[in-house]
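Here is a short tour for anyone meeting this structure for the first time. Take a look at it, then read on.

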Amino acid sequence: MRFVIRRLLLFVVALFGISVVVFAALRILPGDVASIMAGINAPASRVAQLREQLGLNRPLIAQYFDWMGALVTGDFGTSILTGRSVTSLIGARASITFPLIILGLLIAMAIGLPLGCAAVLARSPRVRAAFHVLAIIGGSVPALWGGLLLILLFGKGVGVVGILPSQGFPLDGWEQPGSAIVSLILPALTVGIIVGASLMRYTRAALGDLASSGYIDMARSCGMTRTQAVLNVGLRLAMPQLVSVIGLTFASMITGVMVIENLFALPGIGNGLVTDVGNRDLIAVQSELFLLAAFFLGIGLIVDVLHRILDPRLKNAGSVAEVNA
Amino acid sequence: MSVTVEGLNIAIGSKPIVADVDLNIADGERVGLIGSSGSGKSMISKAMLGLLPLNATVSGSITLGDAQVVGAPERELADLRGRYVGTVFQNPAASLNPVMTVAQQMGLPLKLHYDLTEAERSERVAAMLGKVGLQEEVAGKYPHELSGGQQQRVGIATALITSPRFIIADEPTTALDSITQRQIVDLLTSLVDDAGASMLFITHDFSVLAHATTRCYVLESGRIVDSGATADVLANPQTPESKRLVSAARSLTLRNTKEDLHE
């Protein structure tokens, strides 16, 4: 419990640090919001007026605390360009990206974990080599090409078996959950296959190391078959490692699926961020970056706590590194 | 349980590790297998248990009681292991399951082979802990919370909890300091004798060998180069290889004893 509290405090401190860095970086980077909004040929007075209006001529400290104060109450500000609240902007994008990556990750786990186990369990060297090749091929498929292939196979109107929509997301979002989910199947499959291949490699490596370890010999000497020992003892011991990999993969998918979102014309988080950066939409970008960083940190926190729960050796140690030393 | 090994050959990949090994252990006998590291000792013990790596090829015959191990399906071997054959490993820290408590680890062979209630199992675990000289509260601890000697006692308790008829001890004292080594060897031999089981004791240490076994085989580069009563082999090695091993071991033992005194 003390560990969780200490870790939470660290989380808060890190969030504060990130807020400062994000805020400062966006002020240092070139490109003035007011002059972009006013247009290229706008007179200086118009730009100054806009700056005044947007509060950009106030002291930086005051601007920072305005932003932070609002953040704490859950108000992420208003997009300078569109006038929409950033909360609703991010909410709309997240309602596409999160289901997409969760679905993608579930597919990846359904592919990667069993295949990784099978690759370790296979007795024949040929079968093991075949799994190895499969993992390499799956992992080296460029996302764009893999997605295109799936569209050509299953995409409505263009595919060989054209049964699934390949472009866009229902305008009314999740009002009709059925059509929303259907529109995410092809992109989620694309993500799932690619991430699944790398998850398979991780599973195979982590489990393969354990399969030749004394822990497995011990379990077998007690009366387990090799398969039982690898699936019971091996998987359990590989769990902390797999939790880390899955957690970090999940976090990186948020922006990592941008290419897929582009291909399938899904207005998700990654796409939105790029648009907002291009528009110099200061308030939107700084809130988005802050939330992304908080999400990454949050996943890290969950992974760390899970590690504690899964590995009794960590109970008295300061860190994972100490145990491995 | 009597054990017979005849014409055993083991290769890992295309590299031969053990060649033409014959070995006998009578019912209730404690036999040693000694050799330097890399001589193939552990591979012989792994072959006896069916625990060789997937790329190993084995030929010859290994009979435990009346079961043939070479070529037997994994399910049959698993039924032997932990029930009729107990194994004590070299490094308990790298073999005891780090996420299992001592009670769970010791209860595993019972769980896999016998239909006992939770209460019956903990009763057996408690009794066995007493036999290996550990307190009952150790049952709830994890391996990393124990000393090396305590861990090896748990290893021995796990190997012996089902009263197996044959024990393979693969360098069970190598990871321990010299005083603990002596205690562990004494504990293991007395428990094995009490149970009337036979034992194959693998080591590279002649002083431990003299303690633990009555008869021994000397292994060098995967071949048996000498065998006989342990005292005779130590006092009067017959072949050049075993002479070399014994004299090397003597000087090593003397040096270790001196170092121990200086500490």
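## A helix and its neighbours

Let's start with one helix in chain A: the buried residues of α6(A) pack against α5 (86-121) and α8 of chain A. Keep in mind that the model is a predicted one.

How many residues does helix α6 of chain A have, and how far does it reach? The helix covers residues 125-140, so to speak a run of 16 residues, and goes 23 Å from its first C-alpha to its last. That is close to the 22 Å expected at 1.5 Å a residue.

Which residues of α6(A) are buried? They are A:F131, A:A135 and A:G138. These three sit on the same side of α6(A), because they cover an arc of only 70° around the axis. The spacing fits a general rule. An α-helix has 3.6 residues a turn, so residues three or four places apart point the same way. Turn to the face of α6(A) that looks away from the buried side and you'll find exposed residues: A:P125, A:R126, A:A129, A:V133, A:I136, A:I137 and A:S140.

## Chain A as a whole

Now zoom out. Chain A has 14 helices and 0 strands, so reading from the N terminus gives α-α-α-α-α-α-α-α-α-α-α-α-α-α. The C-alpha trace of chain A spans about 85 × 60 × 35 Å along its principal axes. Of the 325 residues in chain A, 35% are buried. As for contacts within chain A with a separation of 6 or more, 66% of them are between residues 24 or more positions apart.

## Where the chains meet

Chain A and chain B touch each other, with 20 residues of chain A and 26 residues of chain B in the contact. On the chain A side, the elements that give two or more residues are α9 (214-221) and α10 (226-256). The largest share there, 7 residues, comes from α9(A). By type, the chain A side divides into 8 nonpolar, 5 polar and 7 charged residues.

## The cores

In soluble globular proteins, nonpolar side chains tend to be buried together. Here the largest nonpolar core has 129 residues, and B:L64, B:A157, B:I167 and B:V218 touch the most other members. Helix α8 (residues 177-211) of chain A gives this core its largest share, 16 residues.

What does B:I167 touch, leaving aside its neighbours within four places in sequence? The list is B:G86, B:V88, B:A159, B:V192, B:A197 and B:M199. Apart from the largest core lies another one, of 14 residues, including A:L50, A:I80, A:L282 and A:L289.

## Strands in chain B

Chain B has strands to look at. Four pairings are listed here.

| Strands (chain B) | Sense | Bridges | One facing pair |
|---|---|---|---|
| β1 (3-12) and β4 (56-64) | antiparallel | 8 bridges | B:E6 and B:S61 |
| β4 and β5 (67-68) | antiparallel | 2 bridges | B:T63 and B:Q68 |
| β3 (30-34) and β8 | parallel | 5 bridges | B:I34 and B:T203 |
| β7 (166-170) and β8 | parallel | 5 bridges | B:D170 and B:I202 |

The antiparallel pairings belong to an open sheet of 4 strands in chain B, in the order β2-β1-β4-β5. At the edges stand β2 (15-25) and β5 of chain B, each with a single partner strand, so one side of each has no neighbour in the sheet. Between β4(B) and β5(B) there are 2 residues, and the two strands form a hairpin. In its turn, B:G65 has a positive phi of about 60°.

Finally, is strand β8 of chain B largely enclosed or left open? It is largely enclosed by the rest of the structure, because 6 of the 6 residues of β8(B) (residues 198-203) are buried. B:S198, B:L200 and B:I202 point one way from the strand, while B:M199, B:F201 and B:T203 point the other way, and all are buried. On the pairing side, β8(B) is joined in parallel to β3(B) by 5 bridges and to β7(B) by 5 bridges.

Methods
Residues are numbered from 1 along each chain as its sequence is written. Chains are lettered from A and ligands numbered from 1 in the order in which they are written. This is a predicted model: local features need pLDDT of at least 70, side-chain atom pairs count only at pLDDT 80 or more; totals for chains, interfaces and linings use all residues. Two residues are in contact if their C-beta atoms, placed from the backbone, lie within 7 Å. Ala, Val, Leu, Ile, Met, Phe, Trp, Tyr, Cys and Pro count as nonpolar, Asp, Glu, Lys and Arg as charged, and the others, Gly among them, as polar. A residue is buried if 20 or more other C-beta atoms lie within 10 Å of its own, exposed if 12 or fewer, and partly exposed in between; C-beta atoms are placed from the backbone. A nonpolar core is a set of buried Ala, Val, Leu, Ile, Met, Phe, Trp, Tyr and Cys residues joined through C-beta atoms within 7 Å. The expected span of a helix is 1.5 Å times one less than its number of residues. The arc is that of the directions from the helix axis to the C-beta atoms. Two strands pair if DSSP finds at least two bridges between them.
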